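Student: I have a structure open and would like to go through parts of it. Can we start with the strands?

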Amino acid sequence: MKRLASLAVSSLVLVWGVVKAETKPPELTPEEMKKAAQIYFDRCAGCHGMLRGGATGPPLKPEIMKQRGIDYIKWIVYNGTPGGMPDWGKQGVLTEEEIELLAKFLMHEPPPPPEMALQDMLKTWHVYVPPEERPKKPEHKRNWKNFMGVILRDIGKVAIIDGDTKELVNIVDTGFAVHIFRSSGTGRYFLTIGRDGKATLIDLWMKKPDKVAEVKVCYDARSIDTSKYKGRKGNYMDKLAIVGCYWPPSIVILDGQTLKPLKIVSTSGYTYDTEEFVREARVASIVASHYDPAWIVSVKETGHVWIVDYSKLPDVKVNMIETERYLHDGGWDSSKRYFLVAANMRNKVVAVDAKEKKLVAKVETGVKPHPGRGANVNHPKYGPIWCTGHIGSNNVACIGTDPEGHPQYAWKVVANIELPGPGGGTLFIKTHPNSKHIWVDRPLNPDDKLKKEVYVIDKKTLKVIKTIDVIEDLKKAGYKMPENARVVHPEYDMHGKEVWISIWGRKDQPTAIAVYDDKTMKLKKVITGDWVRTPTGIFNVYTTTHDIY
């Protein structure tokens, strides 16, 4: 493995050039195939697809892999790439033996993944505390609206932390590699979705907040949300939930109080541009509409944004809007009328009008935009703007989002903010209406120094005003972090006064959560302990409930 780590790029070119294409894949026993398939699912399927057709990452078809050769594959898996491929070997996530096994597996045809029917989901459905037995008011005196949900990614748990006192409130067993938290419409419940397709409902009013229901609705998932509409068409607050699945590609509508599966809708379909059928058309991001009893759903591979009307279940009405392929993360503009979502393999951001139910713009921003939910700013010159970072380029792009008040800037990149150093690697960008700043991470940058930094951008000048080496700050404060640690997912507290940042490391080494004062940009508090393992996403209850970002 040391040999793999020290190979130069020129050696890679040589390896690629001299490798003789294999006519037959390396032999694997049934046990090895099963183990390799699980490794692929855990670490690769999200970007490359269960069927290896590619999306955020390139296709990994056997004929391509055999041409590349085993040494090339092992080098890439170990070291990662500047385009955003994680360095699984350098991080210590995969061993030398696991990397070799994975490389051999990629030369075989992908095994057919299983399907899932409603009856399969119902077998996994558990209600631990029925709605009628839950508290009628909070059973504690904590400020639950300022709770912070922290994903402990690789140990299958999430932590609930008191944002006021910084005390650990509880650790909740969830699913493997939880991807996001979402708040219910009232904010009372936290919902999580794991990479393994397990949805969890956490009641924040309980004396010790814990899960009250869970269900597994697919084998691979990324998104979850609840019904938030309350208006002349009815009150749907907390009544329903939705999970967006990678495999089987579908949306699953659930009861919002119990998570009982109610309806499955397949998202397999035809691409908007070439009209080719795609079985693996996955759901990447979902937001709850404030204009209608509906969810806005992005279908990655086909390039459609769906507006899913849930008001007449079991009937479901879907408006399919042609946008751009390969849709990924996205969020609302500040008015909550326009949904902006990255089509990251086309280097664009797409804007959809939720009120008029139509596409309004495709904006080229940089290489592989990855906004999370983005960052909304009310700029003195450009008016309301929405900003995104990029996995593949070192810029933050800000787009005008006010076609009525500032039409000259609407749906144009009004600022391209260059981050220090080469390459991209940004996953998340955050701000708050009460803050003067935007905070940006860079955990996927291949440079060991840059992945430990966050950048603070001034909202008025739209320039980087401070580079913070978080790991160095922790070191000065007396906290030693693992050598391979990186920083990810800045998140504001409900008041916009603090920024919380995860220190992402290996699951066998505890790390920390760093809390910064937004005004001074100084380290304020360090949350650590043996339980702080692989922290990634951090979500504040109040800001998540009200779509503040």
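Student: In what order do the 5 strands of the open sheet come?

Tutor: This is a predicted model. The order in the open sheet is 1-8-7-6-5, and the pairing is antiparallel.

Student: Which strands stand at the edges?

Tutor: Strand 1, residues 126–127, and strand 5, residues 178–183. Each has a single partner strand, so one side of each has no neighbour in the sheet.

Student: How many bridges are there between strand 1 and strand 8?

Tutor: There are 2 bridges, in the antiparallel sense, and strand 8 covers residues 210–216.

Student: And what does His 126 stand opposite?

Tutor: Its counterpart is Glu 214 in strand 8.

Student: What holds strands together in general?

Tutor: Strands of a sheet pair through backbone hydrogen bonds, parallel or antiparallel.

Student: New topic, the surface. Which residues make the nonpolar patch of about 190 Å²?

Tutor: Leu 118, Leu 122 and Ile 264 make that patch.

Student: Where is Leu 118?

Tutor: Leu 118 is in helix 8, which runs over residues 118–122.

Student: Is Leu 118 buried or exposed?

Tutor: Neither. Its relative accessibility is 31%, so Leu 118 counts as partly exposed; that class lies between under 20% for buried and over 50% for exposed.

Student: Now pockets. How much space lies in the second largest one?

Tutor: About 340 Å³. The pocket is lined by 19 residues, and the closest to its centre are Arg 43, Val 93, Leu 94, Asp 154 and Lys 507.

Student: Which helix gives the most to that lining?

Tutor: Helix 3, residues 30–43, gives the most to the lining of the second largest pocket, with 4 residues.

Technical notes. Residues numbered from 1 in each chain as written. Predicted model: local features only at pLDDT ≥ 70, side-chain atom pairs only at ≥ 80, totals over all residues. Heavy atoms only, no water. Patch = residues over 30% accessible without salt bridge, like charges linked within 9 Å, V, L, I, M, F, W, Y side chains within 5 Å. Areas by Shrake-Rupley, 256 points an atom, 1.4 Å probe, with all protein chains shown as cover. Salt bridge = Lys/Arg side-chain N within 4 Å of Asp/Glu carboxyl O. Buried < 20%, exposed > 50% of the residue type's maximum accessible area, 1.4 Å probe, protein only. Pairing = 2+ DSSP bridges. 1 Å grid on protein atoms, 1.4 Å probe; cavity = no way out; pocket = protein on both sides within 12 Å on 5 of 7 lines; lining within 4 Å. Points joined across faces, edges and corners; volume = space filled by probe spheres on them.
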